[in-house]
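Q: Could you take a close look at one part of this structure for me? I would like to know how the nonpolar core is built, with cut-offs included.

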Amino acid sequence: MTSLSSRKRIEDVMAYGVTGFFIFFGLAPIVWLVITSFKSENEIVSRTLTYFPRDPILTNYVDIWNQGSFLTLMANSFVTTIITVTMCIVVGTLASYSFSQYRFPGKQGLLVFYLVVRMFPAVLMVVPLFLIMRFLGLLDSSLGLAIAYTSFLMPLFIWMMKGFFDAVPKELEKAARIDGCTRIGALVRVVMPLVRNGLAATSIFVAIAAWNEYMFALMLTTSSGSRTWPVGLQLMVGEFQLPWGLLAAGGVISILPVIVLFALVQQTMVRGLTAGAVKG
Amino acid sequence: MKSLTLQNVRKRFGALEVLKGIDVTLEEGGFLVLLGPSGCGKSTLLSIIAGLEEPSDGKIIIGDQIANDLHPKDRDIAMVFQSYALYPSMTVRKNMAFGLNMRGADQKTQDEAVDQVAQLLDIAHLVARRPAELSGGQRQRVAMGRALVRDPGLFLFDEPLSNLDAMLRVQMRSEIKKLHNRLGTTVVYVTHDQVEAMTLATSIAVMRDGEIQQNGPPDEIYDRPSNMFVAGFVGSPRMNFMGGNLRNTTDGLSIVLDAPEGGDGQVLPLGTPVLAASGDGTPVVLGIRPESFRPAVEGDDLRILARVELVEFTGADTLITYTVAGQPVTARLSADYRPSLGDEVTLTVDARRLHLFARDSEERLN
Amino acid sequence: MIMKWLKAPMQWLAQLSEHRHWAYFLIIPSIIFICIVIIYPTISGITLSFREMRLTRPDLGTGFVGLKHYQYMITDPVFWIALTNTVKWVTVAVLMEFLLGLGVALALNRDLPGMKLATVLILLPWFLPNVVAGNMWALMLDPRLGIINDVLINFGVLTEGKAWFADPDTALPMAILVEAWHGYPFFALLFLAALKGIPKDLYRAAAVDGAGPIKAFWQITLPSMKMVIAAVIILRVIGLVNSPELLLVLTNGGPGDATQVLSLYAFQNAFTSFDFGYSGALSVIMFLILMVFCVIYLRIARIRD
């Protein structure tokens, strides 16, 4: 009879093995990207493949920055992301607070409605949004793009924030009101400080989604005036036969903020993502 | 039914020693209660008996077999968990038959066993339901049923009644006792509730900080606690403790209670010296259970001066908190006795109901 | 100064918050937003599918043409290819992501030292943009420059670099692999949360009852996760059907139509061919198929419960 502890040890070893495999599987492409970004063009296209750059160079980074007017692209992405996140926070926080703390008729139906709305295909809305934006003169503008982003990111924002608000005891608002606050006073003074971490994590989650987004940006921006970096980068690949080294460098620069932000809030973000799903 | 023997069982978690050498013998059909406060190690000990955890040292002998290397499923045991641990996606019937199912019993055997036990526990009408549809008491019975169906040699209970409300707890307690009387099963039962321990056990092992303080039948635990911890843990309201010194003179043995301001207070003659060997002046603690007091009458030698501080009428008795030698002392007296606050009264106690403990070691002296 | 200027609106807001229907007031802005930016475009998109609108052919006007696009669709071979590809794409990708995600979650659930860091690293592919991921894998799978070909050649599996995305037989499978790499963390994350919610006592009871690890997995772990599994699968199916991004970056439907899927085809019709009407029709059909699937799926999921 295998004793309990030896079986546990076997399972632990297997777990480590699986984890190791997935770390490799998940990270290898990213690591390869970083390595490639430091290789010179000759090295990349040479007949024999090198696993580590023989002469690591930084010119890829310099070139992509200048050549692709990468700064403009990143700035545009940044502006769009900020606007998106701001809109989500202002409108979404209020809504998710209401869904979380108050009971009212139609609440369940509305929640389902928000969920269902996320199911609508982007491609179905693409053309009408394009036409609307063109009509409003918002085409090729960061604001227009941000509005489009908020449309499909806000339900997600509300859903995640609701989870964080749920963790706040409902008696707190009552206690605050007895102490003399108005409802909104209680919300701002008492509840919001408690969900600070959740708000940061959810906002960063939305920011990452907006930063990474490609399809809507492709449709709704036409010139370098408001073009975001994913579109810019992909354009360089398609139209200008971008050398792999520069492409890799561009990729690394662009995903660096994502990785940093993700690492910062991943624990809270994971909690928020899973809280609603497991219960529902 | 199997017997259980534990020899020098120890358990360490890193540097922390949770079980410090446990020795227990439980005969077939006996009902052993592991009683103690949280953190004393009783649940860990139960897990070790079950085989869910390994001891750092020591032997576990179930029946006549050393069980240390045996997987839980090969130890011929069944366990009832505090949270019941019913499989939520299975019906009651499937839950109860699970163990038999795992051992390859055929459907007919499973069904018969389940039906028999369900009848015994009065849950036959629930066998098609899922755990989520049952009340707390019903779930508890299903958990017990799952254990009974296996017909094992040893039953393990881990605080099974803690999640029930007070009335259900009392009811289920009697049912467990009736079942034990009827089936003669060997049981190890963990609880922190001393009433459960007293009513259910054939022997109680009082545990504290990983050690057994005293192991014996309930009346022995109650009437002759071996140290102050056991004395104070079992019995409600709690035993009263008063500090003092022994005086062993030609007049006989007596206790000089500490006076509130220091120095000597009341003197209580103990009559026939019960501990001849103890020296004069030994610091002791006198223990008296609340129900041992009665108002003193003419002819009582042992007289305790007390002052009424609080009177609580429970319906069945009167609980009175007195001040004796500056210390609060609780007595349980007849419901007819209603003193007034501030009364100065005299109480007495039967000398056989006195418990003496050494003040430093807290061990029993008499 | 600013405070004074803000005082009146803030007081108004404070008073408003005491209103009986304050709960509704809080959600009204978001509802308005959704109506304007989602509901209206969706309805508009549906009506668009019944109209002719080709930016490159203004002479055709923008009048109603009834079911013209839908009729054309039935005879359009690319539509049918895209449909079958969509089914293949979604089914295989979800299956792979399910298995990978479950494996990861089971391993990470053991809570061994180092697992916290491992969790972060393993989740990373999900948060990387499709643009970067697509090009990364394109480079790795490149026939001349790709590291994967290099490794395979060294191990003797291939004799020369294979152009995975140029061969119609291997393009879709490879794209599915890339998607599986991108999507498994979604499953892993939610499965891990579900696993952590299973009370440990159930496993102890099963150990006493005699269930080995495999039986415990089938009898306890999976049934306890049923709801989460169903939810995650349908969320991912919806996501995969609706979003053409990865394929857009990776293959753009090629070679030929080997990796053409409905969402991508609709997108291409809109922004390469500028045939908005047909694109709308394709989107509507895709949406309908998705809805039918969801309804059937939910029915089955409810019955099994």
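A: Happy to help; here is the core, followed by one helix.

This is a predicted model, in which local features need pLDDT of at least 70 and side-chain atom pairs count only at pLDDT 80 or more, while totals for chains, interfaces and linings use all residues. Residues are numbered from 1 along each chain as its sequence is written, and chains are lettered from A and ligands numbered from 1 in the order in which they are written.

A nonpolar core here means a set of buried Ala, Val, Leu, Ile, Met, Phe, Trp, Tyr and Cys residues joined through C-beta atoms within 7 Å. Buried means that 20 or more other C-beta atoms lie within 10 Å of the residue's own, with C-beta atoms placed from the backbone.

The largest such core has 162 residues, and A:Val126, A:Ile208 and C:Phe191 have the most contacts inside it. Its largest share, 17 residues, comes from helix α8 (residues 168-196) of chain C; helices are DSSP runs of H or I, at least four residues, numbered from the N terminus. Beyond its neighbours within four places in sequence, C:Phe191 is in contact (C-beta atoms within 7 Å) with C:Gly101, C:Leu102, C:Ala105, C:Met225 and C:Val228.

Now for the helix, α7 of chain A (residues 142-166). Of its 25 residues, 22 are buried. A kink of about 45° lies at A:Leu153, shortly before the proline A:Pro155; the bend is the angle between axes fitted to the seven residues ending there and the seven starting there. The end C-alpha atoms of α7(A) are 33 Å apart, which agrees with the 36 Å expected at 1.5 Å a residue, taken as 1.5 Å times one less than the number of residues.

Methods. A residue is buried if 20 or more other C-beta atoms lie within 10 Å of its own, exposed if 12 or fewer, and partly exposed in between; C-beta atoms are placed from the backbone. Helices (H or I, at least four residues) and strands (E, at least two) are DSSP runs, numbered from the N terminus. Two residues are in contact if their C-beta atoms, placed from the backbone, lie within 7 Å.
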